[in-house]
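Open your viewer and get ready to click along. This tour tells you what to select at each stop and what you will find there.

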Amino acid sequence: MTGGALRVENLTVEFDGFKAIDGLNFSLQEGELRFLIGPNGAGKTTLIDVISGRVRPTAGRVFFGHSDLSRLQEHEIVALGIARKFQTPSVFPHLTVWENLELALGFRERLPALLRPLGREGEERIAATLATVGLEHRAGQRAGTLSHGEKQWLEIGMLLIQEPRLLLLDEPVAGMTRRERELTGQLLHRIAPGRMILVVEHDMEFLRRFAHTVTVMHEGRILSEGTVEAVQSDPRVVEIYLGRGRQRGKGQALTAG
Amino acid sequence: MTARAPGSRLAGWLPFAGAALLLLVVAPLVLSDFRLNLLGKFLCFAILALGLDLVWGYTGMLSLGQGVFFGLGGYAMAMYLKLEASQGELPDFMSWSGLSALPWFWKPFAHAWFAIPMAILIPGALAGAVGYLLTRSRIRGAYFSLITQALALIFTILFIGQQPYTGGTNGITNLTTLFGFSLGDPRTQKVLYLITAVTLGVTYLLLRRVTASRFGRLLIAIRDGENRVRFCGYNPVAVKALAFAVGGALAGLAGALFVPQVGIISPAMMGVVPSIEMVVWVALGGRGTLTGAVLGALLVNLAKTYLSESFPGAWTFGLGLLFVLVVVYLPDGLVGLVRRVGLMGKSGEEGLA
Ligand SMILES: Nc1ncnc2c1ncn2[C@@H]1O[C@H](COP(=O)(O)OP(=O)(O)OP(=O)(O)O)[C@@H](O)[C@H]1O
Ligand SMILES: [Mg+2]
């Protein structure tokens with residue numbers, strides 16, 4: 001495994017003896033936008049869980065620059081510039097859209113400073129982020145009342161406002177309409193320059209439209225890595241997707257068109 | 001977003017000004033000494049309820065041990081008053097239990113400048129430590145509540161058992177004066193009442209600022225999704241410990257104001273049952289709203305006084321019933337009910353929103 005800003009080395013994660021991740025090696029270069037696919041239960045979310053500090057490795061290590069992430073707590077990892085979006089949208093339902101962003105923005109402040117109102121600069125950054133994710137008209141609304149797609153955008157906005165160096169997006173377009181997917185894909189490309197993004201996504205149409213490099217996981221290991229075309233024509237990839245796809249409908253998406 | 005018309009800001013102050021007028025001017029004029037003293041006691045409970053609301057309603061930590069912090073504040077104050085009443089002699093209960101000299105840790109409590117801050121600092125620090133240790137171990141929900149309940153049990157047993165130092169089951173009684181003013185004098189009691197009312201008002205205003213700030217929204221976020229808050233880059237441990245410390249300190253302050261008005265503090269006031277009662281105040285009034293916490297404390301205690309005067313023995317039963325009814329039918333308490341009714345009144349369609 002060569003160097004990289006994010007390096008996952010010989011990672012194994014066991015849950016009660018079951019290996020969700022099995023000796024995995026993986027790396028991301030500075031400025032890279034990478035897609036991560038794989039059938040249900042492949043271990044994609046678990047990989048993100050380990051990078052973001054939610055799950056501790058059973059063996060192996062994860063480096064971000066010189067920091068060993070497996071020794072840090074969640075909030076310390078965020079402080080290094082790693083932000084994650086959950087598979088199910090998780091925003092704070094009782095806070096407004098504006099307040100959700102405000103909360104995400106204040107994460108580097110000391111607690112007493114949070115008693116003071118947000119400054120002009122902060123308000124401008126929230127307004128700018130609202131515009132980026134297209135939620136200006138929802139600013140005063142409680143996040144719990146947003147549509148599924150809007151919650152996803154709000155959550156992406158909450159990551160963006162923290163100006164992270166690495167974004168981990170777990171199925172960001174799940175449950176979105178076709179048009180929302182298109183907008184999200186464009187958003188991804190707009191925010192990509194200057195940072196690393198790892199996107200877990202099942203949707204092959206979305207992949208073909210927006211991905212360059214794809215990593216395929218299967219049963220806790222990397223099965224294949226390369227361009228969308230290369231991965232799509234890899235017989236091992238076709239096999240696992242077809243084998244399961246007949247029942248789940250994912251294989252068709254991979255091979256169709 | 002944040003800007004509001006100046007008119008609506010003034011209107012926001014009206015209920016507060018009304019309540020202040022009622023408590024500071026009207027009540028002392030119309031209520032008998034006995035009733036005013038009773039109200040003063042309820043206002044102490046309201047201060048505690050505000051702190052509990054911060055802890056539970058805003059931050060999501062259901063503390064079943066708030067009585068401990070109330071008791072510690074009460075005992076710190078009572079130690080001072082007891083030493084003042086003993087006029088240099090050994091406090092009566094100590095000589096009865098065979099002590100011949102004042103224990104070392106009692107000595108500094110002869111000074112008001114020590115005892116009064118300690119009434120707030122000791123419970124505050126204990127609450128902060130408990131909050132820190134529990135949240136650091138990621139203990140939440142029912143386990144958190146159970147451990148705080150165990151705390152109430154432990155402290156009651158400890159205080160009952162250490163009779164020579166605490167007065168045992170009887171607690172600390174026979175308090176006579178405060179700064180030389182007789183506690184039996186209605187004028188002293190009126191001043192104590194006014195101090196309590198002002199303290200409640202100041203506490204309310206401070207907490208209103210805190211809960212309306214970004215820090216307040218961080219508390220709500222922790223309540224609704226502690227893990228999500230971690231991934232937002234905050235360490236909830238410090239925040240929760242701080243909120244719990246403030247809740248404990250306010251309970252201690254309430255205890256310290258309670259003792260000179262009631263003339264006694266005993267383990268019965270810090271145990272499991274009173275701690276649950278405190279939760280009922282906040283639940284009934286409406287957790288997550290400061291007004292609800294204050295109203296709940298006042299109304300439940302009013303009902304308690306009335307019921308236990310007319311039907312002695314029925315209170316504990318009534319309390320249990322009340323708790324079940326609130327949990328099942330009024331999850332947002334009376335304030336929530338009023339809001340819902342208000343919304344229905346405004347427009348039929350929005351009623352359910
Ligand atoms: N906390 C846990 N305890 C036990 N098993 C778990 C845990 N988390 C994940 N697993 C198991 O690990 C495996 C990998 O799960 P993971 O969620 O990483 O898959 P995934 O690739 O994200 O799948 P999906 O596409 O369904 O989201 C699954 O078999 C899952 O059941
Ligand atoms: Mg997953």
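The stops below go from open and enclosed spaces to a surface patch, some backbone angles, a few distances and the salt bridges.

**Before you start**

This is a predicted model, in which local features need pLDDT of at least 70, side-chain atom pairs count only at pLDDT 80 or more, and totals for chains, interfaces and linings use all residues. Residues are numbered from 1 along each chain as its sequence is written, chains are lettered from A and ligands numbered from 1 in the order in which they are written, and side-chain values use heavy atoms, with hydrogens and water left out.

**Stop 1: a pocket in chain B**

Select A19(B), L23(B), V294(B), L295(B) and L298(B): of the 33 residues that line the second largest pocket, these lie nearest its centre. A pocket here is an open set of points on a 1 Å grid over the protein atoms alone, with protein on both sides within 12 Å along at least five of seven lines; lining residues have an atom within 4 Å of a point. The volume of this pocket is about 860 Å³, counted as the space filled by probe spheres set on the points, with grid points joined across faces, edges and corners.

Now colour the helices α1 (6-30), α2 (33-58), α8 (186-212) and α12 (290-310) of chain B, each of which supplies at least two lining residues. Helices are DSSP runs of H or I with at least four residues, strands are runs of E with at least two, and both are numbered from the N terminus. Which helix gives the most to this lining? It is α1(B), with 11 residues.

Colour the lining by class and you should count 26 nonpolar, four polar and three charged residues. Nonpolar covers Ala, Val, Leu, Ile, Met, Phe, Trp, Tyr, Cys and Pro; charged covers Asp, Glu, Lys and Arg; the others, Gly among them, are polar.

**Stop 2: a nonpolar patch**

Stay with chain B and show the surface of L21(B), L22(B), L24(B), V25(B), V26(B), L29(B), V30(B), L31(B), L194(B), V198(B), V202(B) and L206(B), a nonpolar patch with about 1000 Å² of accessible area together. Patch members have over 30% relative accessible area and no salt bridge; like charges are joined within 9 Å, and nonpolar side chains (Val, Leu, Ile, Met, Phe, Trp, Tyr) within 5 Å. The areas come from the Shrake-Rupley method with a 1.4 Å probe, and for residues only the protein chains shown count as cover.

The largest share of the patch, seven residues, comes from α1(B). Click on L194(B), which sits in helix α8 of chain B. L194(B) is partly exposed, at 31% relative accessible area (buried means under 20%, exposed over 50%, partly exposed in between, with a 1.4 Å probe and protein chains only).

**Stop 3: a cavity**

The structure holds two cavities of 30 Å³ or more; a cavity is a set of grid points where a 1.4 Å probe fits but cannot get out. For the second largest, with about 30 Å³ of space, select S52(A), E74(A), I77(A), V78(A), I82(A), A83(A), R84(A) and F231(B). This lining divides into five nonpolar, one polar and two charged residues.

**Stop 4: two positive phi angles**

Most residues other than glycine have a negative phi. Go to Q87(B), in the loop between α3 (66-86) and α4 (92-96) of chain B, where phi is near 50°. Q87(B) is exposed, at 68% relative accessibility.

F179(B) also has a phi near 50°, and lies in the loop between β1 (177-178) and β2 (181-182) of chain B. F179(B) is partly exposed, at 49%.

**Stop 5: two distances**

Draw a C-alpha to C-alpha line from L11(A) to F26(A): 15 residues apart in sequence, they are 8.9 Å apart in space. L11(A) is in strand β1 (residues 6-15) of chain A and is buried, at 0%. Then join I139(B) to V191(B), which are 52 residues apart in sequence and 43 Å apart in space, C-alpha to C-alpha.

**Stop 6: salt bridges**

A salt bridge is a side-chain nitrogen of Lys or Arg within 4 Å of a carboxyl oxygen of Asp or Glu, and the whole structure has 27 over all chains.

- R221(A) and D22(A) meet at 2.9 Å, N to O. The pair links strand β10 (residues 221-227) with strand β2 (residues 18-28) of chain A, 199 residues apart.
- E32(A) and R34(A) pair at 2.7 Å between their closest N and O atoms, and both are buried.
- D68(A) and R71(A) meet at 3.2 Å, N to O. D68(A) is buried, at 10%, whereas R71(A) is exposed, at 64%.

For the last selection, show R140(B), E226(B), R230(B) and K240(B), which are linked in a network of salt bridges.
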